[in-house]
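Dear colleague,

I am handing over the structure below for your own work. The notes that follow it set out what was found, and I would be grateful if you would read them with the model open.

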Amino acid sequence: MDREERIWLGVLVAIFLVFNIITLSPIVPWQKWLVWSHPTPSQTINVEFEDYQIKLPSDVVEVKAGEFVEFHAVSKDVTYGLGIFRPDGTMVFQMQVLPGHDNKITWKFDAPGTYDIRSTEYSGPKHPEMFIPGAIKVVP
Ligand SMILES: [Cu+2]
């Protein structure tokens with residue numbers, strides 16, 4: 001590596017460090033990352049995946065807008081995806097649901113309304129049927 005290459009490498013490393021320090025900093029007031037805080041969820045929602053079925057604690061899970069809730073998903077066979085969608089089909093969030101793991105995500109719904117659940121990981125021939133419309137009701 002010659003001198004110019006070393007200088008370029010140093011510049012790239014410096015840009016990387018400055019960008020990450022600024023964007024991950026807790027002192028940036030508009031920063032909404034939760035890297036530095038560990039909110040206590042008001043509710044844990046257990047979701048079970050098995051044989052192309054998504055099992056929820058109740059037909060409609062009710063959560064409050066503005067409160068942190070934890071989704072705890074387990075799979076009894078293959079890898080699935082837990083995807084939460086708005087009625088217009090846009091995604092709120094998704095996570096992979098790996099068998100043999102406690103798959104957890106903490107989320108705060110900002111807007112009241114009903115949300116759908118869909119498997120977001122291709123899991124086999126019945127994967128497209130893994131859809132529960134209106135599974136989550138977010139109340140004000
Ligand atoms: Cu699937």
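How many bridges join strand β8 to β9, and in which sense do the two strands run? Five bridges join them, and the strands, with β8 at residues 113-118, run antiparallel. Within this pairing, Tyr115 stands opposite Ile136 of β9. Please bear in mind throughout that this is a predicted model.

Confidence

The mean pLDDT of the protein is 93, and 96% of the residues score at least 70. Strand β5 has the highest confidence, at 98, while helix α1 (residues 3-24) has the lowest, at a mean of 93. As a general caution, predicted coordinates should not be read in detail where pLDDT is low.

Overall form

The protein contains one helix and nine strands. Along the sequence, the helix is followed by the strands in the pattern α-β-β-β-β-β-β-β-β-β. Two domains are assigned: domain 1 covers 1-31 and domain 2 covers 43-139. Their C-alpha centres are separated by 36 Å.

The dimensions of the model are as follows. The C-alpha trace spans about 65 × 40 × 30 Å along its principal axes. The radius of gyration is 20 Å, whereas a compact globule of 140 residues would have a value near 14 Å. Of the 140 residues, 19% count as buried. Among contacts between residues at least 6 apart in sequence, 63% join residues at least 24 apart.

The five-stranded sheet

The pairing of β8 with β9 belongs to an open sheet of five strands, whose order is β3-β9-β8-β5-β6 and whose pairing is mixed. Its edge strands are β3 (61-64) and β6 (91-97), each of which pairs on one side only. From one strand to the next, the twist averages 25 degrees.

At one edge, β3 pairs with strand β9 (residues 131-139) in the parallel sense, over four bridges. Here Lys64 has Val139 of β9 as its bridge partner. At the other edge, strand β5 (residues 80-85) is joined to β6 by six bridges, and these two strands run antiparallel. In that pair, Gly81 stands opposite Gln96 of β6.

Two buried residues in the sheet

Arg118 is found in strand β8. Is Arg118 buried or exposed? Arg118 is buried, because 20 other C-beta atoms lie within 10 Å and the cut-off for burial is 20 or more. Leaving aside residues up to four places away in sequence, Arg118 touches Gly83, Phe85, Met130 and Phe131. Arg118 and Ala135 are 17 residues apart in sequence, and their C-alpha atoms are 9.7 Å apart in space.

Val138 lies in strand β9. Val138 likewise counts as buried, because it has 20 C-beta neighbours inside 10 Å. With the same exclusion of residues up to four places away in sequence, Val138 touches Val63, Ala65, Phe109, Ala111, Pro112, Gly113 and Tyr115. Val138 and Val61 are separated by 77 residues in sequence, yet by 8.4 Å in space, C-alpha to C-alpha.

Two positive phi values

Most residues other than glycine have a negative phi. Where, then, is Asp51 placed? Asp51 is in the loop between β1 (43-50) and β2 (53-55). Its phi is near 50 degrees, a positive value in a residue other than glycine. Asp51 is exposed, because 10 other C-beta atoms lie within 10 Å and a residue with 12 or fewer counts as exposed.

Tyr52 is also placed in the loop between β1 and β2. Although Tyr52 is not a glycine, its phi is positive, at about 65 degrees. With 17 other C-beta atoms within 10 Å, Tyr52 is partly exposed, because that count falls between the limits of 12 and 20.

To recapitulate, the points I would ask you to view in the model are the mixed sheet in the order β3-β9-β8-β5-β6, the buried residues Arg118 and Val138, and the positive phi values of Asp51 and Tyr52.

With kind regards

Key: Residues are numbered from 1 along each chain as its sequence is written. This is a predicted model: local features need pLDDT of at least 70, side-chain atom pairs count only at pLDDT 80 or more; totals for chains, interfaces and linings use all residues. Domain bounds come from an automatic or database domain assignment. Two strands pair if DSSP finds at least two bridges between them. Axes are lines fitted to C-alpha atoms, for helices over the stretch in contact, and angles run from 0 to 180 degrees between N-to-C directions. pLDDT is the predictor's confidence in each residue, from 0 to 100. The radius of gyration is taken over C-alpha atoms; the globule rule is 2.2 Å times the number of residues to the power 0.38. Two residues are in contact if their C-beta atoms, placed from the backbone, lie within 7 Å.
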